[in-house]
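Colleague: Hey, can you walk me through a few spots in this model? Keep it simple, please.

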Amino acid sequence: MWKRKAKESDQTATGQVGIKKKSKVPGVMITQYVEEIPEGKSHPDFTRKPIALTIQEGKLAIFKAICIGEPYPTVTWGRNNGEVTDPEKYQPKFDPNSLEHTLEMPNIKSDQADTYKCFAVNEFGKAVVTVMLNIIEVGFKKNKAQATTEVVAEKVPLLRKSKIKPKAQQEKKKDGEIDEKFWEILMSADKKDYERICAEYGVTNFRWMLNTLNVKKQEREEEQALFIKSISNLKPIEVAPTGCAAFELEMELLESTSKIFIFKDGEMVPFNIKDQEDDELKHELKQVGKKYVFTIKDLLPDDAGLYQMDVEGVTVFSTDFKIPVIDFLVKIQEVKAIEREDAVFECVLSNPFSKINWFAKSLPVEAGEKFDIEVSEDKLIHRLVVKDCALTDKGIYAAVAGIKSCNAWLVVNPDKSDPGKKKARKTTRTGGSGVDLAKIAQEQQEKLQKVREERIEAVKAAKEAPAPDPAPAPAPAPAPASGVGDLKQSVPIPEPVAPPIPEPVEEIIVTLTQGLTDIYAVHGNPVELACTISSDKVDGVWKQDDETLTSEAGRTIKKDGATHKVIIESAKYDHSGKYSFEAGGITTEGSLFVGDVPEFDADDLHNFSKPVIVKVGQNASFKMPFTPQENIEIKWFKDGAELSDGGGVKIQKEPNHSRLLMKECIRTDAGEIKIQLKTPFGVVEATSRLIVLDKPGPPEGPVEIIESTSSVIDLGWKYPKDDGGSKVTNYIIERQQVGQAMWKKLGDVSADRLTFRDRNVSHGKQYNYRIYAENPDGIGEPLVTIESIMAGILVFAGPPGAPKVESATKNCINLKWEPPIDDGGTIILGYQLEKRKKDTNQWIAMNSVNEPIEGLKFAVKDVSEGAEYEFRVAAINESGAGEPSPPCAMVCAKNPPMRPQFKAPEDFMVIRAGNSLRIKMSYEAEPLPVITWLKDDEPISPWINIINVEGASTLSIPSSKRSDSGVYTIMAKNSSGSASFDVEVRVTDEPKPPGPVALEQLVDGKIIITWAPSPDEEVDDRLHYMVAEHESNTRIWRTIADRLFCNTFTANIHYGREYHFRVFAKNDMGPSDPSNSPTWGVNQMKVAPVTNVPVTVCLERPPSILVPLKVHTPPKGYKCYMTCAVRGTPSPRVSWYLNDICINSNKSYYITNTHGICSMYITRVCPDNEGEYKVVAINTFGKAECSSKVSVRD
């Protein structure tokens, strides 16, 4: 087996890369042209790719695709073997609304079968998807001779591996050779069918058969594994009651584009595929997921044969379709049965057949508890017995023999005897064909025997004949019509009675006055059909379903003047039909429908009438069975209002029952539930009740105060309006004292008492009460008293002392007062404060009585600046607010004199050059101060903006530059004093990189790195350097030194490695671009050893200061770095001193020593850090030191 792959070059332009990307859609190949795609852009991709097509020649083929990409890609189409430029064959289209690209190929030809490609390209990449197009030639061009088989074979993509060849190519089978069909059928058959298949093909050596079959199966599975992932559930071909034959299997392909072919006896069969409608082809292949179903419509005897399904030339399934020569002499007839009675369908076949297929409502039937299947000894008579018929058994039943089928209705009527009682099983049978089947079968058996004897005689005569004359053709098998003819002879059929011929009358012009209408009649009730014409001298003819009617028992045809009637005493089902009346050249038509009024079974009605009881939040379900009936309308009602499906109501309607589901019931859902069945023949209703249990509602109020004294409060209430569906068992009473949050349970009383007496009360105190009702489902919501109830009479406290002013500002006035001398014998809960504005008469409460001021002080913030107020206060107890105090003296809401004070200022800022500079200083002062700004103790430039508002001043420079760096001072001065604050501003930019980097090795294992200073070093005193190293072993850049304020650094190196160094300049804005050193190679610049003259080299030396300390003047609260460089061998011990005191162990300083670079870091400078700093380096050969001063600015 081989597959051809299309060759495609990576179409990337010069300078582009070809990065393969994975798409979310399987089968899409993406090539990205650039390494990084800009933000907001993307390479092309497909969200919908074209699907493979297997289509009949001459039809319209359409490939559809949807792609994405930014910018939107250009879409083109191509094929492997040819071009798609012919506008008559290929029509590419684009829908801008749906963004769908299509390639339409009208009137498809066989030479267009190929692998097609869809390309989507933009500047960032390309997406490609391939799709197969298979063309089916209908009948393989029946006008072509079989001699052109080679040409047809070229259009089949792959050669078949099956040994089943078309009849024209089959070789003559040798004696004893087993037909290849035998092995193909066995490989797809179930093990239980092996014995039958071997007997059919005359194979008796089972062991040899099984061994050979296992070898062939293994070979077949290896071939299938190239294209198929899994295959299961193989079902052989069977005939359905619809007259179609089908076989099915479940299969998962490795590639969805693999081609599938169907063969019959070695010849390929054209077929429709899924979503393709074509009534011209009788074969159809549908795929639903992994399931494949092949269907043969309009069955004929020629459809028999071996059917095989191939995938890419490999057979995956074989099934033998055999069509026996058989027909129905007597077909099954309609059966009308009574409930719980057995129904019988029976038929007679033209030839013996061991088993036919029975179907009930399109579902296959097997013998069991519900059905009995009977076959006569001659295998001509077949019966299906439906046992214990129920109303749900009504439907169409079918018998299938070979490719022939017949069907009939089973009508099940309810048993109306002894209504209300459950019906017993009946032992009677109903139905059948109504004729003597045994006689018909015997006559057919005799005919078949006669035909067999004639054939035997003809064979004998042919053998005895002297000359090899062609044997006479055997007599054909008796046609089904002969059986039917015999049936007519054995069953006398009465001759139809001709209607009376009216005597000729003169021609009268007749018009229709009132025509027939459709009538619905109840079974067993009288019914009348009537119409009126313009003349009473004309007779007419009544017809039912085009058969002339006459008066007979139970039906009378009557003429009453110009009105003509058909009167039926008791309507029956066979009276249903289309009635017409013809007279004088006019015709009127109407239909009569006979049916039953819907009814319920007595037991079901009794069960439905029982109430349904549920709790709140639970679901309530009602189900009502009924007799199935056509055109039945089902409605559900609650308290007379119709319910509709939706929300919390779910209505299910089935042919034999209906169900009402009410989800998460609430109390208002309780009520009468009714179901109504309505047909044109009448209406029937059934009623039930829904009871929803819940906790009771609150007792009915308001709470009645029966008695209220200093020691007793007597309460009363009424029974709840909603008791929750069950009786109230008791009441629970709770109490809350006003001013407290806790509720206290006082007790409970029985349901027959609606009063409660509270004896545990205090005189003068107020109480709130709430009363709960309780039933078996729980405690409901409470009834709460609207107003507090006081025990006894009100007792108020005396007036407190007059308020005194502690302080006053424009936003707040602080008051204090003394408690009242007379508290009224009760506890003081708090105070109520009132204010009055000057020149007004209204006192305004600052707090409510329910929110008393608990202390003897209060800050009044609801004041207006400059306004004058007076205040008074009243004591609050259980009875309420007492007599107010005398008012205080008038007080003005204004600030007292205050020298300026700055609030939370920042004393250091770093700004990037070019950005705006804003220094905002907030302050407090009374009166408003005069604001002055200075820079470096000098007046600021006039172009600098100063914005002064109350409480704040802002200095603004729209575009700053380095010269704007300095110390800015704000000065605020008023009559109470003055204040100033300094802000250091540093305007800087990203530093320029250092100069060239040089490497020098003076000592083995160490290298000295030196560099030229950055041009910004002169203008930025905070600029320092960082050194990074890259060695050949680790191959990563790592920082080996930082915060260097010098231009040299000594690094450790190892021989045998290659080094690179980078030096960065850094300031408050970050690092600069690096300056790269030359490569320090494996043996490059190595110090050459002196070997000629032996000398003694001493590397030991006393300490020395390479880079001394610098003077620092940091602002207060800022950080400070101090560094110096020390050299000495052996490495000296370095100590730091402040004012001659060692600070190495002081945790306020962070001190490091890295390869001779000594650093000290102060996180937050304070005045204690001011002084002389000294670094002392000592080793065994000597001592070195350097010092510097640090001044802390305010």
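**Asn 974 and some ring pairs**

Modeller: Let's begin with Asn 974: setting aside neighbours within four places in sequence, Asn 974 is in contact with Met 898, Arg 899, Pro 900, Ala 925, Glu 926, Pro 927, Leu 928 and Pro 929. Contact here means heavy atoms within 4.5 Å.

Colleague: Before we go on, what kind of model is this?

Modeller: This is a predicted model, where local features need pLDDT of at least 70 and side-chain atom pairs count only at pLDDT 80 or more, while totals for chains, interfaces and linings use all residues. Residues are numbered from 1 along each chain as its sequence is written, and side-chain values use heavy atoms, with hydrogens and water left out.

Colleague: Cool. Is Asn 974 buried or exposed?

Modeller: Asn 974 is buried, with a relative accessible area of 11%. Buried means under 20% relative accessible area, exposed means over 50%, and partly exposed is in between (1.4 Å probe, protein chains only).

Colleague: And where does the side chain of Asn 974 reach?

Modeller: That side chain reaches the backbone oxygen of Met 898 at 3.0 Å. Asn 974 itself is in strand 70, residues 966-974; strands are DSSP runs (E, at least two residues), numbered from the N terminus.

Colleague: New topic: how many aromatic pairs does the structure hold?

Modeller: There are 24 aromatic pairs. Rings of Phe, Tyr and Trp (its six-membered ring) pair if their centres lie within 6.5 Å; planes under 30 degrees apart count as stacked, over 60 as edge-to-face and the rest as tilted.

Colleague: Got an example?

Modeller: Sure, Tyr 90 and Tyr 116 form a tilted pair, 6.3 Å centre to centre with 50° between the planes. Tyr 90 lies in the loop between strand 6 (74-79) and strand 7 (91-95) and Tyr 116 in strand 9 (residues 114-122), so the pair ties together parts that are 26 residues apart in sequence. Both Tyr 90 and Tyr 116 are buried.

Colleague: Why is the pair of Trp 542 and Phe 581 tilted?

Modeller: Because the planes of those two rings are at 50°, with the centres 5.0 Å apart. Trp 542 is in strand 32 (residues 541-544) and Phe 581 in strand 36 (residues 577-583), 39 residues apart.

Colleague: Last one: what sits over the ring of Trp 843?

Modeller: The charged end of Arg 872, 4.3 Å from the ring centre. To count, NZ of Lys or CZ of Arg must be within 6 Å of the ring centre and within 35 degrees of the ring normal.

Methods
Helix = DSSP H or I, 4+ residues; strand = E, 2+ residues; numbered from the N terminus. Polar contact = N/O pair within 3.5 Å; in protein donor to acceptor, adjacent residues only side chain to side chain.
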